[in-house]
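Visitor: Please show me the model, and let us examine how its structural terms are justified.

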2 protein chains.
Amino acid sequence: MIEDDIEVVYRVRAESPGLDARIEALLLEQTVELGREALRTAYVREHFVGRLISAEPAGAGEFRVRLAQPADAAAGNPAQLLNVLFGNCSLQPDVELEDMRIPPALVRVLGGPRFGTEGLRRLTGVRGRALTASVLKPMGLSVAETAALCRTLALSGLDVVKDDHGLADHSYCPFAERVRVCLAATADAARTTGRRTLYVPNLIGSPATVLRQAREAKELGAEAVLVAPMLLGLPFFNEFVLGLGRPVLAHPAFGGAQRIAPAGLLGRLFPLFGADAVIYPNAGGRFSYSRDVCAAIARALQAPAAGIAPALPVPAGGMRVENVASVLGCFGADAMLLVGGSLLESPDPETLLRRCREFVEAVHAFPYRP
Amino acid sequence: MIEDDIEVVYRVRAESPGLDARIEALLLEQTVELGREALRTAYVREHFVGRLISAEPAGAGEFRVRLAQPADAAAGNPAQLLNVLFGNCSLQPDVELEDMRIPPALVRVLGGPRFGTEGLRRLTGVRGRALTASVLKPMGLSVAETAALCRTLALSGLDVVKDDHGLADHSYCPFAERVRVCLAATADAARTTGRRTLYVPNLIGSPATVLRQAREAKELGAEAVLVAPMLLGLPFFNEFVLGLGRPVLAHPAFGGAQRIAPAGLLGRLFPLFGADAVIYPNAGGRFSYSRDVCAAIARALQAPAAGIAPALPVPAGGMRVENVASVLGCFGADAMLLVGGSLLESPDPETLLRRCREFVEAVHAFPYRP
């Protein structure tokens, strides 16, 4: 028996007169899925029907509804937890999942980030400043071209170079080959720079494929991996990181439009299920998150609930060297800045190296508050 | 090299003057993720940049945009296919994934329904009419109470009784116990009715849990299973059904609000990834799908693309005995009607049995067109 309740916050579009009935329906939908009059036993009524904590106006025609659901309904099962949070009501367009508080006993089952911000700082040796990262793309580069790009990026002094999340096990650039040459490229660059860039390969596929890629990556010496939890499915993601023994960067692909508030999905659920660093589309890029949403994601990652290690926010998407200072002003030192497209705009390696160095220097030179 | 392209249809909110640029950005976002000017090699430009097939107005301020993307981008990988279809652009609120056509070589990798409508008809022995189904709920019933409910439902002559999708491995009603007593209950009822109801247990959790439950269910004699593909993750779902050897009913939980059109997600992707029957919230219930959307889901399942077996539409949610005829008029004989809450409204077993029999008789008596 898990004592504490699961606290769930929804934004519900409703008219005031119908609000009570809408809340009652939402409350029952997520566990018993029947009206109270159809609940046959006292045990069900007492143990599987949650309760309303509060409902308050949240803008025109919207209410912020806070429910307590019995933790037992989740049965210590990551998929069933998602079911209780947003199973059936994800099908109802008047409901958005906004936030959740998971009781400690369930947090222990899921584990949260195993390495988190501290583990990634230890791994990269970066203290007192934000981390810098870029990305290997586009899809379609050969093994040799990928290696050359990786070496150039590493020579610029970036802390992290990650695969694009669309790099799979393509015939023209097989997974194991790519990992091998990129690790070699970062080792080679380190002989020049004196500091090794962390190369983070992308794992993607069904569980058997991802587990095989993880095994290969470890054998080749990769020290962290990238996955997209919503593509893989959150329950597999959780099982996977439990056995991985490496930090995991989480990519938001396939997850942004789930009608879960970005701070709820990327800021709470991703780390709860085990992400050590979470990539998200930063404000001002080619995606749509506002500055407030991005700040809320970062806050949730940097200052998580008790029992969950802080994880690293990784603002990305459309960022430019020119706005590094404003981004750092928003997120502070405990962040990893991921700049991709704007660095890779020019196919010329000289230009690329110079731009990357400018980016790295801007992040290093920023006056972080202690 | 896969020759045929992946055809993807999006609904895009855009102003006419900006449409060309928006389409170009969407096209590049889903594979190379860089502007054309940054594409370094001819190989990338020729093999990983898709093309616009058509763009036509689709209501006020919206366009239906049909793209061809290179099948090679998906690398024969179910997760990477989702990435190409709706990875990054799922984060962009002006885009909805509406439909897709998958080239035959990729369809063969994914497999589609292994049993489909024909397999479920063979398993249940039902020909020439729609199938009838109901559900074991609410969560919180003990093993004995679940068995009693299952027996009552089976005595009414229903073709299928399924677990609620929220039934996990709860301590008060453990998975294996539940499956054992429900199979016994349907066998017992069959001695009275002369026909065995198919009991379909719900499997839920991370892959290790789901695989263990599937093994237990098979050993106990279960002949079909229920899962929620979006909770499990579509790539695991696909890997799972490939090895299962049993028909799979797919539940839509956690998937409805993905900003994929319901007919695209439930009507195309679910069967492509292996669902043999697909449950969806029918029009008029406590969910929001319109009659047209429900008809489109059913059409996609009943008349799939070449190489994909027909799968059974399972309209559910808020249906009542009184509107069976209108539902059958819409979907015809190749459907399974799932009635839950309205049958279970009364906790009295006598009333329940009578109501179920009325439902079963209404489905049997409907004048199906040959």
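Visitor: What makes A:Arg64 the bridge partner of A:Arg11 in β3(A), and how do you know that the strands concerned are paired?

Guide: In this predicted model, A:Arg11 has its bridge partner in β3(A), namely A:Arg64. Strands count as paired if DSSP finds at least two bridges between them, and β1 (residues 5–13) and β3 (residues 62–70) of chain A are joined antiparallel by nine bridges; the strands themselves are DSSP runs (E, at least two residues), numbered from the N terminus, as are helices (H or I, at least four). A:Val9 likewise stands opposite A:Arg66 in β3(A).

Visitor: Which residue of β4(A) is the bridge partner of A:Val9?

Guide: That partner is A:Asp99. Six bridges link β1(A) and β4(A), again in the antiparallel sense.

Visitor: Why are β2 and β4 of chain A said to stand at the edges?

Guide: The open sheet has four strands in the order β2-β3-β1-β4 (chain A), with antiparallel pairing. β2 (51–57) and β4 (95–101) of chain A each have a single partner strand, so one side of each lacks a neighbour in the sheet.

Visitor: Why are the two copies described as related by a two-fold rotation axis?

Guide: Chain B is superposed on chain A by a rotation of 180° with 0.0 Å of shift along the axis, at an RMSD of 0.0 Å. The copies are therefore related as by a two-fold rotation axis; the fit is by least squares on the C-alpha atoms of residues with pLDDT of at least 70 in both.

Visitor: What makes the contact between B:Glu33 and A:Lys137 a salt bridge?

Guide: The term requires a side-chain nitrogen of Lys or Arg within 4 Å of a carboxyl oxygen of Asp or Glu. The side chains of B:Glu33 and A:Lys137 meet at 3.4 Å, N to O, so the criterion is satisfied. Two salt bridges are counted between chain B and chain A.

Visitor: How much area is buried between chain B and chain A?

Guide: About 6400 Å², with carbon and sulfur atoms giving 61%; buried area is the accessible area (1.4 Å probe) that two parts lose on being put together, summed over both. In chain B, the residues losing the most area to chain A are B:Arg40, B:Leu91 and B:Phe254, together 13% of what that side buries.

Visitor: Which conventions apply?

Guide: Residues are numbered from 1 along each chain as its sequence is written, and chains are lettered from A and ligands numbered from 1 in the order in which they are written. Local features need pLDDT of at least 70, side-chain atom pairs count only at pLDDT 80 or more, and totals for chains, interfaces and linings use all residues, while side-chain values use heavy atoms, leaving out hydrogens and water.
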